[in-house]
Amino acid sequence: MIKFEQVSKTYPGGFQALNQVNFHVEPGEMAFLTGHSGAGKSTLLRLIGMMERPTTGRVLINGHDLRKITRKQIPYVRRDIGMIFQDHRLLMDKTVLDNVALPLLIEGYSMQEARKRVQAALEKVGLGDKLRHYPMMLSGGEQQRVGIARAVVNKPPLLLADEPTGNLDPKLSMEIIKLFEDFNKVGVSVLIATHDLGLIARMRYRTLTLKEGRMINDGLQESEL
Ligand SMILES: Nc1ncnc2c1ncn2[C@@H]1O[C@H](COP(=O)(O)OP(=O)(O)OP(=O)(O)O)[C@@H](O)[C@H]1O
């Protein structure tokens, strides 16, 4: 589902954020990505999301070699990826319905067609009764769930999350991770970048660890890391 082959990324200005990174996330797998601040986690996610291109090496997503994707094809490949951010990036002047419907409307669905799918996505994240609410009327955990509903509404085979629990307390964090587990159980691949080593330790999933742009560990998190 995600394959990195000798991937390096140097930003304009000369900073090398990733150095010869190799890993493979299989279809249907769930894994964490961790490392110190500045280790390159967001850069790695941005390469998968095609917001950045690697300087050298090859990234494959769901069989697509991203080097061969033209600018015009990017939206099609991106449909396979649901992205979730720490700050959820909801439109605050739009209702929950409008926020979650957005990816479908961009794909060309009418609001009438989209509404059923939006309702189903919101029910999966436990917010089936909040369609008409504005994000400001919701708690932080609920806002994050709306962000997740928006990411899954078009049923992508891959979910990427960048610090999805960064603003939440441990109980709410665990609930959010359980949601990711639910999607993983129905076959969605999930990659979650997080600083939260406590959370990772409780979950016992494969953990990819970056240090200064290098992948230094790929396996279950070891307690000394
Ligand atoms: N657009 C950019 N231009 C130049 N340097 C950048 C750019 N984006 C990131 N960097 C640098 O690359 C390094 C890795 O950044 P990245 O955001 O990938 O780290 P991170 O592991 O996600 O960190 P954090 O956990 O703090 O978000 C940092 O030193 C950062 O300053």
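In the predicted model, the bridge partner of Ile81 in strand β7 is Leu158. This pair belongs to a set of five bridges that join β6 to β7 (residues 158–162), and the two strands run parallel. Strand β6, which spans residues 81–85, is mostly covered, with four of its five residues buried. Ahead of β7, in the loop that connects α5 (140–152) to this strand, lies Lys155, a residue that is not a glycine and yet has a positive phi of about 55°. Lys155 is classed as partly exposed because 14 other C-beta atoms lie within 10 Å.

A second set of strands forms an open sheet of four members, in the order β2-β1-β4-β5, with antiparallel pairing. The edges of this sheet are taken by β2 (16–25) and β5 (64–65), each of which has a single partner strand, so that one side of each is left without a neighbour in the sheet. Strand β1 (residues 2–10) is joined to strand β4 (residues 56–61) by five bridges, and these two strands run antiparallel; Ile2 has Ile61 of β4 as its bridge partner. On the edge strand β2 lies Gln20, which has a positive phi of about 50° although it is not a glycine. The count of C-beta neighbours inside 10 Å is 15 for Gln20, which therefore counts as partly exposed.

Within strand β4 of the sheet is Val59, which is buried because 21 other C-beta atoms lie within 10 Å, where 20 or more are required. When residues up to four places away in sequence are not counted, Val59 touches Phe4, Val7, Leu47, Ile48, Pro54 and Leu66. Two of these partners, Leu47 and Ile48, are listed among the buried residues of helix α1. By C-alpha to C-alpha distance, Val59 and Gly35 are 20 Å apart in space, and they are separated by 24 residues in sequence; Gly35 is one of the residues that surround the ligand.

Helix α1 (residues 41–48) gives the most to the shell around the ligand, to which it supplies three residues. The shell as a whole consists of Tyr11, Gly13, Phe15, Ala17, Gly35, Ser37, Gly38, Ala39, Gly40, Lys41, Ser42 and Thr43, and these residues divide into four nonpolar, seven polar and one charged. Helix α1 itself is largely enclosed by the rest of the structure, because seven of its eight residues are buried. The buried residues of α1 are Lys41, Ser42, Thr43, Leu44, Leu45, Leu47 and Ile48, so that the names Lys41, Ser42 and Thr43 appear both in this buried group and in the ligand shell. After α1 comes Met50, whose phi is positive, near 65°.

In soluble globular proteins, nonpolar side chains tend to be buried together. The largest nonpolar core of the model contains 57 residues, and those with the most contacts inside it are Ile48, Val100, Ala149, Leu159, Leu160 and Phe180. With neighbours within four places in sequence left aside, Ala149 is in contact with Val100, Ala121, Leu122, Val125 and Leu127. Val100 is also one of the buried residues of helix α3 (residues 96–107), where Val96, Asn99, Ala101, Pro103 and Leu104 are buried as well. The buried residues of α3 are covered by elements that include α4 (111–124) and α5. The helix α3 is followed by Gly108, which has a positive phi near 105°.

Taken over its full length, the protein chain comprises seven helices and ten strands. The radius of gyration of the chain is 17 Å, close to the 17 Å that the globule rule gives for 225 residues, so the chain is as compact as a globular protein of that length. Along the principal axes, the C-alpha atoms fill a box of roughly 45 × 40 × 35 Å. Of the 225 residues in the protein chain, 38% are buried. Among contacts between residues at least 6 apart in sequence, 67% join residues that are at least 24 apart.

Notes
Residues numbered from 1 in each chain as written. Predicted model: local features only at pLDDT ≥ 70, side-chain atom pairs only at ≥ 80, totals over all residues. Near = placed C-beta within 6 Å. Nonpolar A, V, L, I, M, F, W, Y, C, P; charged D, E, K, R; others polar. Pairing = 2+ DSSP bridges. Core = buried A, V, L, I, M, F, W, Y, C linked by C-beta atoms within 7 Å. Buried ≥ 20, exposed ≤ 12 C-beta atoms within 10 Å, placed from the backbone. Contact = placed C-beta atoms within 7 Å. Rg over C-alpha atoms; globule rule 2.2 N^0.38 Å.
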